[in-house]
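Please go through the briefing below with the sequence and the coordinates open. The points are grouped by topic.

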Amino acid sequence: GVTCPEPFALTSSETCVIKYPDTVVDIVDPDLPPYSVIYPGPTLTTFPQQTIVGSTALFDTRNLLCSRGSHGFRGMCGS
């Protein structure tokens with residue numbers, strides 16, 4: 001007569017790309033006209049992940065996700 005709650009797991013992964021600005025170096029040589037060298041800034045890509053694991057008996061998952069304003073789960077709020 002014991003009712004077991006359903007297991008619950010929810011994951012989200014979003015791509016995050018950060019582009020840093022280029023570096024410009026001005027070269028001045030007395031024998032040549034001045035010129036600039038541009039070193040491209042790095043581009044970093046990360047894949048942040050969020051996971052919620054638990055039981056459906058412990059909480060209302062929709063309220064939990066929406067109240068925390070989680071970026072990875074934002075699309076699920078209200079659905």
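Val17 lies in strand S2; strands here are DSSP runs of E with at least two residues, helices are runs of H or I with at least four, and both are numbered from the N terminus. This is a predicted model, in which local features need pLDDT of at least 70 and side-chain atom pairs count only at pLDDT 80 or more, while totals for chains, interfaces and linings use all residues. Residues are numbered from 1 along each chain as its sequence is written, and side-chain values use heavy atoms, with hydrogens and water left out.

**Strand S2 and its surroundings**

- Val17 is exposed, with a relative accessible area of 52%; exposed means over 50%, buried under 20%, and partly exposed in between, with a 1.4 Å probe and protein chains only.
- Leaving aside residues up to four places away in sequence, Val17 touches Thr43, Leu44 and Thr45, where a contact means heavy atoms within 4.5 Å.
- Val17 and Thr45 are 28 residues apart along the chain, and their C-alpha atoms are separated by 4.5 Å.
- Ile18 is also found in strand S2, which covers residues 16–19, and at 37% relative accessibility Ile18 counts as partly exposed.
- Pro21 is found in the loop between S2 and strand S3 (23–27).
- The relative accessible area of Pro21 is 64%, so Pro21 is exposed.
- From Pro21 to Thr43 the C-alpha distance is 9.2 Å, with their positions 22 residues apart in sequence.

**Surface patch**

- Ile18, Tyr20 and Leu44 form a nonpolar patch on the surface, with about 250 Å² of accessible area together.
- Patches are made of residues with over 30% relative accessible area and no salt bridge; like charges are joined within 9 Å, and nonpolar side chains (Val, Leu, Ile, Met, Phe, Trp, Tyr) within 5 Å.
- Accessible areas come from the Shrake-Rupley method with a 1.4 Å probe, and for residues only the protein chains shown count as cover.

**Salt bridge**

- How many salt bridges does a search of the whole structure find? The search finds one, a salt bridge being a side-chain nitrogen of Lys or Arg within 4 Å of a carboxyl oxygen of Asp or Glu.
- Asp22 forms a salt bridge with Lys19, and the closest N and O atoms are 3.5 Å apart.
- Side chains of opposite charge can pair when their charged atoms come close.
- Asp22 is partly exposed at a relative accessible area of 43%, and Lys19 is partly exposed at 48%.

**Before strand S1**

- Glu6 sits in the segment before strand S1 (7–13).
- With a relative accessible area of 53%, Glu6 is exposed.
- Glu6 and Ser55 are 49 residues apart along the chain, while 5.9 Å separates their C-alpha atoms.

**Whole chain**

- The chain has one helix and six strands, running β-β-β-β-β-β-α from the N terminus on.
- Of its 79 residues, 11% count as buried.
- Of the contacts between residues at least 6 apart in sequence, 57% join residues at least 24 apart.
- About 6,400 Å² of the chain is exposed, and carbon and sulfur atoms supply 59% of it.

**Confidence**

- The mean pLDDT of the chain is 76, and 68% of its residues reach 70 or more; pLDDT is the predictor's confidence in each residue, from 0 to 100.
- Confidence is highest in strand S4 (residues 35–39), at a mean of 94, and lowest in helix H1 (residues 61–68), at 54.
- Over residues 74–79 pLDDT stays under 50, and the model has seven contacts beyond four places in sequence for them.
- Where pLDDT is low, the predicted coordinates should not be read in detail.
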